[in-house]
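Visitor: I would like a close look at the aromatic rings in this model. Please take me through them one by one, along with the surroundings that matter for the picture.

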Amino acid sequence: MASLHMSLSSLSGPTFRPTRKLIIQCSADRQALFNRIAPVYDNLNDLLSLGQHRIWKRMAVSWSGAKEGDNVLDVCCGSGDLTFLFSERVGPRGKAVGFDFSKEQLLIASTRQKLRSNTCYKNIKWMEGNACDLPFPDSSFDAVTIGYGLRNVVDRHKAMAEICRVLKPGSTVSVLDFNKSINPLSTTIQEMMIDNIVVPVASGYGLEDEYKYLKSSIKDFLTGNELEKLALEVGFSTAKHFEIGFGFMGNLVAIR
């Protein structure tokens, strides 16, 4: 079973050999937040979305276009949901990297991997690092996902540019996150749900303050049109944003 990889030198094979030194420049407070919520992150996702997040994540991986034998990257992988789905798609002949800045999330992902017997899960490597400075050569991956992560990076433009750089020409990134709607009614409903459902439920786990950030992070995020524009600015040839989950979630699909 593949183990948790915390250093760049531990990734073997030419595909994953770093070409430059990794410099961590992520937001320390956001990193600490995700380390704190790691132990209950999966349970809260199931509870707060009534299990729907699993459907959205399968959609995101499907939109990535990953296929048997591909090399794939899941940026901001958290506890590994998208990475595991990626692994199933690419199979034992493929390779999947789960990449995140939270050591605690990666430890949980690695533990989950060890509890799974499917042969394909042996193709996963976990790696700690900064999404704004990916330690991979140009054109390394056949597909990339980033689930609920772009909203939280320090420099979204740099992160998307890095994803574009490490993707092979013609390959796809699939970006799943909360949808910042331009419809005032949708925005109001979304904020009411966060205030009256998400935060109270999180408070039951002792994480009220940690989940209060969610509403402000969505306000500071990009609309679907702005995400499409960002993707084109950093070098993607096409970009399309889809509203899913009754418009509360969104998925950007961009092709290099």
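Is Phe-141 buried or exposed?

Guide: This is a predicted model. Phe-141 is buried, because its relative accessible area is 0%. Its partner is Phe-136. The two rings form an edge-to-face aromatic pair. Their centres are 5.1 Å apart, and the planes meet at 90°. Phe-136 also has a relative accessible area of 0%, so Phe-136 counts as buried too.

Now the wider count. A search of the whole structure finds six aromatic pairs. One of them joins Trp-63 and Phe-242. This pair is stacked, with 4.8 Å from centre to centre and 10° between the planes. The pair links distant parts of the chain. Trp-63 belongs to helix 3 (residues 52-63), while Phe-242 lies in strand 7 (residues 238-244). In sequence, 179 residues separate them. What about cover? Trp-63 has 27% relative accessibility, so Trp-63 counts as partly exposed. Phe-242 is partly exposed as well, because its relative accessibility is 29%. The cut-off for buried is under 20%.

Next, a cluster. Phe-84, Tyr-121 and Trp-126 form one aromatic cluster. An arginine joins the scene here. The charged end of Arg-116 sits over the ring of Phe-84, 4.0 Å from the ring centre. That charged end also sits over the ring of Tyr-121, at 5.4 Å from its centre.

Phe-84 leads on to its helix. Phe-84 is one of the buried residues of helix 4. Helix 4 spans residues 81-90 and is mostly covered. Eight of its ten residues are buried. The stretch from Asp-81 through Leu-82, Thr-83, Phe-84, Leu-85 and Phe-86 to Ser-87 is buried, and Val-90 is buried as well. An α-helix has 3.6 residues a turn, so residues three or four places apart point the same way. After helix 4 comes Gly-91. The phi of Gly-91 is positive, near 70°.

One more arginine, away from the rings by topic. Arg-151 is placed in the loop between strand 5 (141-147) and helix 6 (156-166). Arg-151 is buried, because its relative accessible area is 4%. Its side chain makes polar contacts with other side chains, including that of Asp-177 at 2.6 Å. The side chain of Ser-217 is joined to that of Arg-151 by a polar contact of 2.8 Å.

Methods:
Residues numbered from 1 in each chain as written. Predicted model: local features only at pLDDT ≥ 70, side-chain atom pairs only at ≥ 80, totals over all residues. Heavy atoms only, no water. Buried < 20%, exposed > 50% of the residue type's maximum accessible area, 1.4 Å probe, protein only. Helix = DSSP H or I, 4+ residues; strand = E, 2+ residues; numbered from the N terminus. Phe/Tyr/Trp six-rings, centres within 6.5 Å; stacked < 30°, edge-to-face > 60°. Lys NZ or Arg CZ within 6 Å of the ring centre and 35° of its normal. Polar contact = N/O pair within 3.5 Å; in protein donor to acceptor, adjacent residues only side chain to side chain.
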